[in-house]
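This report describes the overall composition of a protein chain and then turns to one of its sheets. The sequence and structure are shown first.

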Amino acid sequence: MTLSARRLAISGWLSRRPRPSRASALLLLVAIALGGTLGFYLYYARITDRQLQGGVFQNAADVYAAPLVFNEGDQFSPTELATALHQAGFEESMLHQQRTYRVGPSAIEICSATSRGGPDVHIAFAANQKIDQITTNGGRAKSWSAGIPLITTLTASEEDDEGGKTERQKRRLASFRDIPQTLVDAVVSGEDKHFFEHHGIDLPRIAMATWIDFREGRKRQGGSTLTMQLVRGLWLEPEKRFTRKAAEIMMTVHLERKWSKEQIFEAYANQVYLGRQNAYGIHGFAEGSRLFFNKQLRDITLPEAALLAGLVQRPSYFNPFRHPERAKDRRDVILALMRDNGRITAPQYQQALATEVRLGGPPERDDSFGAPYFLDLVTDEMKKQHVDDIAGPKGGARKVFTTLDLNLQRAASESLAVAMKEVDAQLAHAANAKPGRAEAALIAIDPHTGEIKALVGGRNYAQSQLNRIIANRPPGSVFKPFVYAAALNTGVDGGDKVFTSASVVDDSPTTFWFAGKPYQPANYHQEWFGTLTLKQALAKSDNIAAVKVAEQVGYDAVVAMAKGAGLNDRIQATPSVALGSYDVTPLEMAGAWTMFANGGTVLKPHLVTQVQNVDGERLRSVTGEPHQALDPRVAYLMLGMLQEVMRSGTGAGVRSRGFLLPSAGKTGTSHDGWFAGFTSQLLCLVWVGFDDYRELNLEGAKSALPIWTEFMKKAAHFAPYRNATEFPQPPGGVVATTICRETGQVASEFCPEVRSDMFISGTQPQRRCDLHDFAAGELMGQTN
C-alpha cells in the first residue's frame, strides 16, 4: 500500500470513530477533580495525623518554680499566705475540691492536692503576723508543702532552621468536663451556633457571609467554624492565600473525622487567644478566667462566661481592663445571641444584662511573682540548648523545673519597689537632677549550689523588658575583693612580698605610670587616711590603696583571680582594673562572688534544675559546675575583711537599717551603684543606675545598699534563710593573732586599740608594735 493510500485509510477510520459525548468529558473532568481533591485531602490528613501524635500542645513546656513550703515561724499574714497559695495554683472557694482554700480572721483552711473531700491542712497565725501552727491530717507539723507551682507555659513555634523561636504564653489546660456549660453555650452562640450539628464546614453560613460581603462591597462577615479556627490557630500561618484556605478546609474535615465534638471544643478552649498581659500571650479560657476574674474556670458565672466568649472576636479591642464599656457591650451581644438561640431564658438574660462587669484585679497587676525577667533567661537557655531538645514531640521537654523560690521572688520585687522610692527622692533633690527614672536589678543565689532563687531585672517589666541582670556595666568597688584576694593569695603561692589583712599601705595621692601613660585615681569625696591596713583599706573602699596593692601584687595576678572566679575575658591588666573599670554583668559578678561565700569554690548561677519529657523521663539535669578557684584559707580571710566592711566601713548602713544576721559584703560605685553581700545561706547582688549610662551620682551605700538590706530582712522571714550562722572556719591552716589596729603589728600592752585577726599559718605578724612600744619607752624615760 502506498503512503497516500495509508493516509486515506487512517483518515477514514478517524472519521468513522464515535466522538465522546459532552457527558463523558464532564465525567472525566469530575474524576480528575475528585482525584486531585482526594490527593490533596490525603496529603493534609497525613500532616494532621502527625501533628496529633504528640498531642495538640506538643510544643508546650510547663515551667515550674521550686517547691513552695510554709514553715512555722514564717512571716505571713492570712492575706499574704492566701496570695502565695493563689500563685501556687490554689483557688479560694468553699473547700469542696482539691487545691482550694478558705481564709479566716486568724487561720486558713486548705484542701490539698491529695484531699479526699474536705480541708486537710489548717494554718493558724499569731498576732505578730507569723505562722503559729500547722496542722495536717497527720497531726502537728513544722512545715507543709503546697507543691510545685506552675509559673507559666513556654511554647516553641517552628519558624526557622535553628529549632524555631520560643514565645511566652500563659495557658492553663482544662478538660471538657471542667468547662461550664454556660461557657460552651456562650462560645457556640457567638462563634459557631451550628457547631454540634455540622461536620466542620458550615456551608449555609459561608454562603450567607459571602452574600452579605458581596452586597455591602466589603469583607466583614466570618464563615469560619470553631474547628476551622482551631486548625488555623494550631497549625497554619496567618497569611491569606487560596492554598492556605484549602489546607484549612481539608485539615478541618479530617479533624472532624478523627475527634469528637467534645475533644475539638476542649482543644479550642485551651488554644483560643484572649489578648496579652505584659509580655505574655494569654491563651485558653482557664487562663483568661484566672486573669480577668481571679477564678477557676468551673466557677465563672453566666455574665463572666459571656464576657470571655466575647473576647474571642477582637481580644485587644474588647480588653475589659482597658476598655470596660466595649467589653460590656460585647458581653451583652453574646447574651442576646444566647437568648435568641435558646441557650438561656429571658429572665436569665435580663438578670445577666443588669450585672456589672467585675474584674479580679487592676489592668497592670504586679506580675513580679511570675518572674518575667527570670523567665526571659529560661527562654534564652532553651534557645541555646536548641528548642527541639526543650519543647517538641515525645522526646522533647514537657516540664522544666526551675530554681525560683516564689517567696523570695515576691520579697525581691517588693523590696526593690519600696527602696527605690528612697533612691528616687534622693535623685529628685540632687543639685544637678535630670529627667528620667533610675532603674534597678537584683539577683539572689544559693551560694552553695549556684541556684538562682530570685531575680528582678528592672522596675516594671510592662514598661521595659530590658534585663539589667545581663547588662554590661562597670562594677566599681564591688570588684575590689578580687584585688585583695590576689594579695592574700601570696600567703599560699608566695611572691616577692607576702600580704596579710594586717599589711599596711599608704593612700597618699599617687600617679601610676602604665604603658607610658599616667593614671591618677582619687578617693571618693577626696578623702585620704594615710597609712591603712588592707582590712581597713577595703572597709573604707580606698581607691588609691587598692591600686597600690594591685600594682605590688601584679595587675596580671588580679585579672587571673577575677577570671578564675568566672568573670569575662574583656578585663585587662591595667591600673584601673583595681577600681572595677571593666564591664561585667550583675549575673556574672554574682556568680564570681560565690567564691567568697563558699570557701573558695565558684558555682555557676543557673535557673533550671531538671527537664523532663512527656513520660516524666529526665532529659537533662543542671548543677552549678563547682570548681575550686581560691584556697579555702584565703577565702576565710576574705570573709573577715568583708565582714569588717559591714562593721565599720561603707556597708555599715546595713546594720543601722536593722539587718543583724552574720553577713559580709561590699559597696560599689561607678556610673552606677552596686552592693554585693551574703549570709551563710543566701547571696544577693543589687545594681542601680540609668539605662542611658549617665552618672547616677549616688554611691552604692545610698542606692543599692538600701535595696539589699530590705530584701535580706524580708528573706530572713522564711525558714531556709533566717537561721544564718557564723561562717565556718577551715579545719586547719589559719591562726588568730591580736594586733594593733593602727600598725597591724603584734599588739603590746601599750597599744590603745587592738583586735584579733586571722592569718594563714606562718604569715602572722611576728614583730611587736614598735610605734606604741617606742612611745611608751619615751614616756617612761621622761618620767624617770
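## Overall composition

In this predicted model, the protein chain has 784 residues, of which 53% are buried. Its secondary structure consists of 26 helices and 29 strands.

Among contacts in the protein chain with a separation of 6 or more, 66% join residues 24 or more positions apart. The exposed area of the protein chain is about 35900 Å², and 53% of that area is supplied by carbon and sulfur atoms.

## A five-stranded antiparallel sheet

Five strands form an open sheet in the order 16-15-27-26-25, and their pairing is antiparallel. The edges are occupied by strand 16 (452-456) and strand 25 (664-669); each has a single partner strand, so one side of each has no neighbour in the sheet. From one strand to the next, the twist averages 5 degrees.

In general, the strands of a sheet pair through backbone hydrogen bonds, in either a parallel or an antiparallel manner.

## Pairing of strands 26 and 27

Within this sheet, strand 26 (residues 673-678) pairs with strand 27 (residues 683-689) over six bridges, in the antiparallel sense. Which residue of strand 27 stands opposite Trp674? The residue in that position is Trp687.

## The helix across the sheet

Helix 21 (residues 586-597) lies across strand 15 (439-445), strand 16, strand 25, strand 26 and strand 27. Relative to strand 27, helix 21 runs at about 145 degrees. The strands that helix 21 lies across thus include the edge strands 16 and 25.

Notes:
Residues are numbered from 1 along each chain as its sequence is written. This is a predicted model: local features need pLDDT of at least 70, side-chain atom pairs count only at pLDDT 80 or more; totals for chains, interfaces and linings use all residues. Side-chain values use heavy atoms; hydrogens and water are left out. Helices (H or I, at least four residues) and strands (E, at least two) are DSSP runs, numbered from the N terminus. Buried means under 20% relative accessible area, exposed over 50%, partly exposed in between (1.4 Å probe, protein chains only). Contact means heavy atoms within 4.5 Å. Accessible areas come from the Shrake-Rupley method with a 1.4 Å probe; for residues, only the protein chains shown count as cover. Two strands pair if DSSP finds at least two bridges between them. Axes are lines fitted to C-alpha atoms, for helices over the stretch in contact, and angles run from 0 to 180 degrees between N-to-C directions.
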